[in-house]
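I opened this notebook to record what I looked up, entry by entry. My topics were strand pairing, burial, the nonpolar cores and the cysteines.

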Amino acid sequence: MGSGAEMNEQELIEAAKLAAKAAYAPYSDYQVGAALLFDDGAVITGTNVENASYGLALCAETVAIAKALGEGRRGGLQMVAVTGPEDKGDGSPITPCGRCRQVLNEMAQLGGTDPQVLCVGKDEVRRVQLSALLPHAFGPANLA
Ligand code: THU
């Protein structure tokens, strides 16, 4: 993290890459890291967590959001970085799966933010707003 300076995109991406090193992905061998930046400067990371019962795998973004909600955060989500292995696929940016988009939306909508999602690829970072990944989202506001 830069000395006293606000965390920048590259630092958030590095946090996601570092997190991915701890991924528990023995079945897919596809290590994913997610890093969430909050408006108070806090960064909360997650990795995918797989299970011998394959279908129970949890994605990195979902784990990160669960950690943040479990720590009492309710909104303030500004930016998200997601990284996958650089040697898999065609190297194009990894984007959150459909379920993770919904899970990210929960935190975003609680605080009324539309976080930028940094989808990291081998040679490119795709920047996209969550609202573009999940338009017309259903969320907590619908139940209020
Ligand atoms: N995965 C994530 O962690 N995030 C995504 O957005 C896509 C997929 C994980 C789930 C599984 O552990 C592995 O990547 C392969 O699908």
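Entry 1, strand pairing. I looked up L37 and found that it stands opposite M79 in strand 3. I worked from a predicted model. Strand 1 and strand 3 run antiparallel, and I noted 6 bridges joining them. I then turned to strand 2, residues 43-47, which is also antiparallel to strand 1 and is joined to it by 5 bridges. Which residue of strand 2 is the bridge partner of G33? I found that it is T47. The hairpin of strand 1 and strand 2 has 4 residues between the strands. In this hairpin I noted that G41 takes a positive phi near 90°.

Entry 2, burial of strand 1. I asked how many residues of strand 1 are buried. The result was 6 of the 6, so strand 1 is largely enclosed by the rest of the structure. I next separated its two faces and found both covered. On one side G33, A35 and L37 are buried, and on the other side A34, L36 and F38 are buried.

Entry 3, the nonpolar cores. I looked up the largest nonpolar core and found that it has 22 residues. The members that touch the most others are L36, F38, L77, V80, L104 and V117. Several elements give two or more residues to this core: strand 1 (33-38), helix 2 (60-70), strand 3 (77-83), helix 3 (98-111), strand 4 (116-120) and helix 4 (130-133). I recorded that helix 2 supplies the largest share, with 4 residues.

I followed L36 further and listed its contacts, leaving out residues up to four places away in sequence. Among them are L12, V43, I44, A64, I65, L77, M79 and L104. I also found another core, lying apart from the largest one and made of 11 residues, including A15, A35, A81 and V120.

Entry 4, the cysteines. I searched the whole structure for disulfides and found 0. I then checked C97, which is in no disulfide; its nearest cysteine sulfur belongs to C100 and is 3.7 Å away. A disulfide requires the two sulfur atoms to be within 2.5 Å, so this pair does not count as one. Is C97 buried or partly exposed? I found C97 partly exposed, with a relative accessible area of 33%. C100 is likewise in no disulfide. I noted that C100 is buried, with a relative accessible area of 1%.

Definitions and conventions
Residues are numbered from 1 along each chain as its sequence is written. This is a predicted model: local features need pLDDT of at least 70, side-chain atom pairs count only at pLDDT 80 or more; totals for chains, interfaces and linings use all residues. Side-chain values use heavy atoms; hydrogens and water are left out. A nonpolar core is a set of buried Ala, Val, Leu, Ile, Met, Phe, Trp, Tyr and Cys residues joined through side-chain atoms within 4.5 Å. Buried means under 20% relative accessible area, exposed over 50%, partly exposed in between (1.4 Å probe, protein chains only). Contact means heavy atoms within 4.5 Å. Two strands pair if DSSP finds at least two bridges between them.
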